[in-house]
Amino acid sequence: MAARRSSKGRDGAQPPEQASRDRHEFVAEAEEILERMTGDLSLLDEQRREGGEVDPDLVNRVFRSAHSLKGLAGMFGLDAISQLAHHLEDILDGLRLGRIPLESPAVDLLEAGGGLLGGLLDHIEHGSDTTEEDVLSVQAFIERIDAAMRAPAEPARDALEEIALDASFLRALTEYEEHRLRENLRRGRHLVLVHASFGIDHFEEGLAELTSVLRESGEVVSTLPTPGASPESEIRFSLLVGTEVEADRLRGQVEGHAAEVEWVGRRGEPVPDTAPAAETSSDAGPPIGASAQARPLEDHTAREAPAAHTDHTAREAPAAHTDHTATEVPAAHADSSSIESLRSISDTVRVDIRKLDELMNLVGELVIQRNAVGTLANRLSANLQTARVGAELGKIHKALDRKLKELQAGVLDVRMVPLRQVFEKLARVVRRLRRDLGKDVALEFSGADTELDKLIVEQLIDPLVHIVRNAFDHAIESPEERVVAGKPSRGTLRIGASQRGNHVVIEVSDDGRGMRVDAIRARAVARGLVGADETLTRKEVMNLVFEAGLSTAESVSETSGRGVGMDVVRANLAELGGMVDLVSEAGRGTTVTITLPITLAIIQALIVGVGDERFALPLNAVLETMRVDPEQIGRSEGREILDLRGEPLALRRLGEEFEIPCASRGEAQFVVVLGMGEQRLGLLVDRLEGQQDTVIKPIKGPYQQLRGITGATEYGDHGAILVVDVSAVIGDALRRREAA
Amino acid sequence: MSGAHPGHGAPDVGGWAGLARSAAAALESPGGGIEECLVRELLVFGLDDSTYAIPVERVREIVRMRAPTRVPRAPDRLLGVIALRGEVVEVIDLRRSLGFAGASPGPKSRIIVLHGDVDRVTGLLVDSVEAVLRISEESFWPAVSGDSGSVVEMCRSEDRFVSVLDVDRLLGVADD
């Protein structure tokens, strides 16, 4: 994906040849659409199983995904994918128009179709073109769809005959709207016509507002412009609404929108309120008969409707346009609609993350300039003669600061994406594993809306897939074994995410066989990682799994249920400034906890001084700071410790860790309490110099991988200062304790 | 600030790099029977009483000495890092790299910043930068001293010998 490519070889990589770039672009975009679609499909499946009622917006969304995929594949000349998507689209179109009942066997095929599409994409991604086999399997599948579609649909009984709506109005409804109308009637909702006039220049806003108000109490089945009657400068609309709310209450809700509410009764049924009679033609002015030219107008308003639904996901997946309003654009039928779908794609912009990086860099440089202005303002203010200028410059600095913060937040926000993408990818992996390994495992997600920097999300996928795969391969037992162990035959894998301050915590837990502490320990002793007589806490033993020598040992994974390649997982996450922790109980299961910073782009840093040197500590890893006198520092096993409100805190001197000349010893110092995941460490420094927004820059040169440093940043007049890799420093300190 | 295109400016060497590239292209073109016309462009600098050079096309820019930020746990020859228009670049003490004793930088000291991928953009601290020379191919000889492993050839310019550094070897040595 674009983001991953950008992280390496920025300078050296030759541009790939056009064809493969096309292919790459296609796969990237198609994958996004497909991920969204499979996610929606499993939702659909769930809703279907639960109660037989399916959210029409959901069906529309899947329909549009299939439609976009078809168009995209068509553009790239990938016929097999295009055809398959086309047939899936047919099923979905039938479903949304009520031509195919929810119980139809065709609907059962949707998920399998998504899987097949995924397989085809995989082949393309890995360089091979669609093979003959692929084409055959697509054809076979299409035949299955056709057969399923031919299954007799139940004859629709026409409820529309019964409602007291003008026939010309009914004729103006699209097939989709008709279906929604029937659906509303079937659910026993009332029908209400809402009439409103808007000034011609701003009817879009007015209509959008009214529509969103009405949505709160029901479904807007159709919006039709009503020609004539109103003055030239106004345009009048009639909105057909299906609702469970009484007409009077609805009237209260649309108050202030200059709208009239008209009850639409059933023929021969008394009108239950005092509103104008049910015969629409008399009160609503001229007959409501949308002429042919009124249609495009409605399309327009639908597309321009409020952006309240365009969330981050929409930004991320341009083609899978989630905007509810947009999905109601009528009649996206097979051939006439490709232009329309292109238009809807262009509502969102795909941005190469490198461009965002460049923007972020610029913002970062502005931040540095701002800091310089601040320093100058302070210097001027301190001098009596220049105090006035200083104060004014100080004001400018403040204003600049505010705007810069907004700019920064804006650019950061664009980078943030919900973890849903990752979860959907994991769901796909799990489906595949379920198939391949024949293990029955339920997958539960929570916190899919938690947001993280796109760059982190990209790099998070591999470690997470690894952890999930481990759980599948080694941790979760076969159904038979599980029954013997007294567990439900179906295993459960829970993946949850939540934000905690500037961190996002992701937990992957399974109810598999867990790890045996003694087995890990024995293996670690055998490998010389720990001494035979060493005392280690349970937790410390668990964390040995992340050591290279141990985690690559196959036999451990068999007896322990987890741990192949966990050293790589830890290294990958450390690169992102993250940490990984593991808790396991034999026979009960394992939980892997990943803690990550929300973004790497701009961080708040605490600047500390030791001797003549300065370092930046990412503030999100700093729990607190305090001043300590030498006599407060105790000792345990030759190591310094601090009594932190009754709990022992391991101390390290940054001056010693980094061999800094003339670091002070003895006098009062400051302790910076660092925390990563569950681990804590106190870092002794000479001075605290303040906080600063910093852009962490990679260090360029042959030595860039030095341990303990994640990068550098510019600090006022002091040039470059180094950013401490907190997880490495904590890790080193704790490992040395283990090794000691 | 010139930050719009950080990393692409090479103000101190101007169009030399372009010239050098065309020269290099001429070198690579097959069947070029005009050997006597082939020239190489070298940036010549002074280090510990001797004269060294590197191919001009490897040079991105030359900057005045500025105090580098020391990097903990780094080998001796890594002096530290400097901030360079939004980038942070390692500075290697070429004296130590070539096995001489380190010396404190003087007024003529310069940092030669090399082109390359992320791990090849590097600053080299040298005692002084002298000139860019065009030297014809026939004036090159294989190196005769060869202690450091970074000098593979020498060339004659006017009345003196210049040791030509192989940058990749030099940085490779640094990798150890």
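A residue is called buried when its relative accessible area is under 20%, exposed when that area is over 50%, and partly exposed in between (1.4 Å probe, protein chains only). The model is predicted, so that local features need pLDDT of at least 70 and side-chain atom pairs count only at pLDDT 80 or more, while totals for chains, interfaces and linings use all residues. Residues are numbered from 1 along each chain as its sequence is written, chains are lettered from A in the order in which they are written, and side-chain values use heavy atoms, with hydrogens and water left out.

**Exercise 1. Determine whether B:Asp93 is buried or exposed, and place B:Asp93 in its strand.**

Solution. Begin with the secondary structure, in which helices (H or I, at least four residues) and strands (E, at least two) are DSSP runs numbered from the N terminus. B:Asp93 belongs to strand β5 of chain B, a strand that covers residues 87-93. Next, take the accessibility: B:Asp93 counts as buried because its relative accessible area is 3%. Finally, list the contacts (heavy atoms within 4.5 Å); once neighbours within four places in sequence are set aside, B:Asp93 touches B:Arg77, B:Leu79, B:Gly102 and B:Leu125.

**Exercise 2. Describe how β4(B) and β5(B) are joined.**

Solution. Strands are taken to pair if DSSP finds at least two bridges between them. β4(B) and β5(B) run antiparallel and are joined by six bridges, with B:Gly80 standing opposite B:Val91 of β5(B). The two strands form a hairpin that leaves two residues between them, and B:Arg85, in the turn, has a positive phi of about 45°. As for covering, β4(B), which spans residues 78-84, has six of its seven residues buried.

**Exercise 3. Find which strand of chain B pairs with β21(A), and in which sense.**

Solution. The partner is β5(B), and the pairing with β21(A) is parallel, over two bridges. At the level of residues, A:Lys700 has B:Val89 as its bridge partner in β5(B).

**Exercise 4. Characterise the interface of chain A and chain B by its residues, its area and its polar links.**

Solution. First, count the residues: chain A contributes 32 to the contact and chain B contributes 30. Second, consider the buried area, which is the accessible area (1.4 Å probe) that two parts lose on being put together, summed over both; here it is about 2600 Å², with carbon and sulfur atoms giving 56%. A:Lys700, A:Pro702 and A:Tyr703 supply 31% of the area that chain A buries against chain B, more than any other three residues.

Third, look for salt bridges (a side-chain nitrogen of Lys or Arg within 4 Å of a carboxyl oxygen of Asp or Glu). The rule finds three of them across the interface, one of which joins B:Arg73 to A:Glu657 at 3.6 Å, N to O. The elements that give two or more residues to chain A's side are α16 (353-382), β13 (613-618), β21 (699-700), β22 (709-714), β23 (720-724) and α27 (726-739).

**Exercise 5. Compare the composition of the two chains in secondary structure and in buried residues.**

Solution. Chain B has three helices and eleven strands, whereas chain A has 27 helices and 23 strands. Of the 176 residues in chain B, 45% are buried; for the 740 residues of chain A the share is 53%. Among contacts with a separation of 6 or more, residues 24 or more positions apart account for 55% in chain B and for 70% in chain A.

Technical notes. Polar contact = N/O pair within 3.5 Å; in protein donor to acceptor, adjacent residues only side chain to side chain.
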